[in-house]
Amino acid sequence: MSFETPDDRRYLESHEWTTTDGDAVRFGISDFAQDELGDVVFVELPDAGDEVTAGEEFGVVESIKAVSDVYAPVSGEVVAVNEDLFDAPELLNQDPYGEGWLIEVEPAADADFDALLSPDDYRDQIE
Amino acid sequence: MIYDQASYTREEEAQHEPLLSEKDETTVDVREESPLPEELTRDEVTLPELSEPEIARHYTRLSQMNWAIDAGAYPLGSCTMKYNPKFTEDVAANPDGAVHPDRSSRSVQGTLEVLYGLQEYLAEIGGMDAVTLQPPAGAAGEFTGIRVAKAYHEANGEGNRSEVIVPASAHGTNFATAALAGYDVVELPSDEDGRVDLDALEAAVSEDTAALMLTNPNTVGLFERDITEIAEIVHGAGGLLYYDGANLNALLGRGRPGDMGFDVMHYNVHKTFATPHGGGGPGAGPVGVVDELAEFLPTPRVRETESGSGYERFEPERTIGKVQGFEGNWLVLIKAYAYIARLGDEGLADAAAKAVLNANYLGERLDLEIPYGPYHHEFAATSGDRDAADVAKRMLDYGVHPPTTKWPEMVHNAMLTEPTEIENKSSLDDLATAFNRAFADDDETLENAPNRTTAARIDQTSAARNPRLSWQALDGE
């Protein structure tokens, strides 16, 4: 089975993605991750204004199979949270790179996007 | 499929049957004389008004929609779903035992004698020196045991020990227990044989180690052969060795945790001694300890009086306090006592031997691979690239309860199977047939299973996303 791994973002080994452009970036989980998890039934996210730290957990995604922490690709301050997920967690399965985004973060000055996996590296990992 | 709604929701005219008095009313005025504030009261309540046969049929129908050990094989690995002999119910129902616990020791000598006897039985079976019967469930027993271990360390000026080591394959309650007791959990990987990795253990222990929690045989049924070395490593670092009694039923009469070097343990009386599984109801999870830890046990315990003429309650000197009222759940404990008393030494050893024999016979008959062995009272088969939950649901169609699925995680698509000692050969053969047929069925059949049960495949996703938690939510369907 092949999974989508859009070229316009970067990834973590633990299957999170982040966009890289603009004042604020978005975090989410990959197509591979949503497929592994199966039907997502519950999502727990931080509040706007909270700080997240690269490599540390910032939320929880619960499916019928497992409860998983999700990790921040880069450090920064949360500026928006995808509240649609609270009523419709299935968006994570249906559109993991679009409507299924998790949080929007204003990256810290020292946020290091280059340390993250490139789309090619991530594809190698999941294949 | 017809879900049987609670019958009192019917709006039919009141029905009476000859045995019930005609004076029963549908509604009762409850307002009068109520001491409650007005906003909390109702003018009237509707009470059920059904005939006795209707009630009997309603509950019998519900029971038939369910699966139970009294209906057939129930090989749920780790859970040990064994038959609860009915004589223990008779013993528990004896009105002579129905005394309120808040009475003087002198007036409840019979009760105390049974409790003392059970403490002694359990101490002997586990190789422990002292036992508390107070914890109301296995998980509560774990918590009590680890709290006792913590009190012991604190009393020795070693309260700074901050870590509890738990094998990756352990029961989830072990991790929860350690965390709830305020410890950091250190997860220990298994070696390639599925047992504790001694090198990893050496690396994990330190002056921070408070305890290692271990299940033996472990959660895939393997005996930890290196238990002596394990005990030396943990004790060498100043830690205590905790025995999770979940699988003690495999060792009865053949091995005792105390002899292996364990310092503290809990007993799952529902698994080992055939008391009912709690399921949130009253249960019991006694805890045994070696002498050094006895003074920290919960209060009260029961002992013989100095003169030896009777029994009394007493408070251990440096008790951690109470974890439940009085001496624990008496009506569960007396069933465990009765079971042990009736089986005796030979009977208990025989139960363990048959549990191991049954698991090994069943395992041999399966077409599924069993990656780890030699196993004792349970085994973790794998359904390979077939989804274990699908195979399990299909087994329901073949008239048996499936095993525990997808746990422990060290086995891919695990089907953790424990037939217990109660099944005979033909029942084990039926189980094997159900396993093998389900495993051989095509994908489509598996994905649509079960279809010969009261309820077809449950839509887990919808249930989790839109839970409907009362009968009212079923209205209009």
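Start by selecting chain A: a compact globule of 127 residues would have a radius of gyration near 14 Å, and chain A has 13 Å, which agrees. Keep in mind as you go that this is a predicted model.

**Stop 1: chain A**

With chain A still selected, look along its principal axes, where the C-alpha trace spans about 35 × 35 × 20 Å. Switch to a cartoon view and you should find four helices and nine strands. Walking from the N terminus, the elements of chain A come in the order β-β-β-α-β-β-β-β-β-α-α-β-α. If you colour by burial, 39% of the 127 residues count as buried. A contact map of chain A is worth a glance too: of the contacts with a separation of 6 or more, 63% are between residues 24 or more positions apart.

**Stop 2: where the chains meet**

Now show chain B as well and look at the contact between the chains, to which chain A gives four residues and chain B gives four residues. On the chain A side, three of these residues are nonpolar, none is polar and one is charged.

**Stop 3: chain B as a whole**

Hide chain A and zoom out. The C-alpha trace of chain B spans about 75 × 65 × 45 Å along its principal axes. For 477 residues, a compact globule would have a radius of gyration near 23 Å; the 25 Å of chain B agrees with that. The cartoon of chain B shows 14 helices and 14 strands, and 41% of the 477 residues are buried. Taking contacts in chain B between residues at least 6 apart in sequence, 70% join residues at least 24 apart.

**Stop 4: helix α5 of chain B**

Select residues 172-180 of chain B, which form helix α5, and show the buried residues B:Thr173, B:Asn174, B:Thr177 and B:Ala178 as sticks. Look down the axis: these residues cover an arc of only 135°, which puts them on the same side of α5(B). The spacing is a familiar one, because an α-helix has 3.6 residues a turn and residues three or four places apart point the same way. Next, bring up the partners of this buried side, which are α4 (138-155), β4 (163-167), β5 (184-188), β6 and β7 of chain B. Just past the end of α5(B), click on B:Gly182, where phi is positive at about 90°.

**Stop 5: helix α7 of chain B**

Move on to residues 227-236 of chain B, helix α7, and pick out its buried residues B:Ile227, B:Ile230, B:Ile233 and B:Val234. Viewed down the axis of α7(B), they fall within an arc of 125°, so they line one face of the helix. Which exposed residues sit on the face turned away from the buried side of α7(B)? Rotate the helix and you will see B:Thr228 and B:Gly236 there. The buried residues of α7(B) pack against α6 (198-204), β6 (209-215), β7 (240-245) and α8 (257-260) of chain B. After α7(B) comes B:Gly238, with a positive phi near 85°.

**Stop 6: a helix pair in chain B**

Finally, select helix α10 (residues 330-365) and helix α12 (residues 425-440) of chain B, which pack at an angle of about 35° with their axes 9 Å apart. The crossing of α10(B) with α12(B) is right-handed. For a close-up, show B:Asn358, B:Tyr361, B:Leu362 and B:Arg365 from α10(B) together with B:Leu428, B:Leu431 and B:Ala432 from α12(B), the residues that make the contact. By class, this contact has five nonpolar residues, one polar and one charged.

Note on methods
Residues numbered from 1 in each chain as written. Chains lettered and ligands numbered in written order. Predicted model: local features only at pLDDT ≥ 70, side-chain atom pairs only at ≥ 80, totals over all residues. Contact = placed C-beta atoms within 7 Å. Nonpolar A, V, L, I, M, F, W, Y, C, P; charged D, E, K, R; others polar. Helix = DSSP H or I, 4+ residues; strand = E, 2+ residues; numbered from the N terminus. Rg over C-alpha atoms; globule rule 2.2 N^0.38 Å. Buried ≥ 20, exposed ≤ 12 C-beta atoms within 10 Å, placed from the backbone. Arc of directions from axis to C-beta. Axes fitted to C-alpha atoms, helices over the stretch in contact; angles between N-to-C directions. Left-handed = near helix turned anticlockwise from the far one by under 90°.
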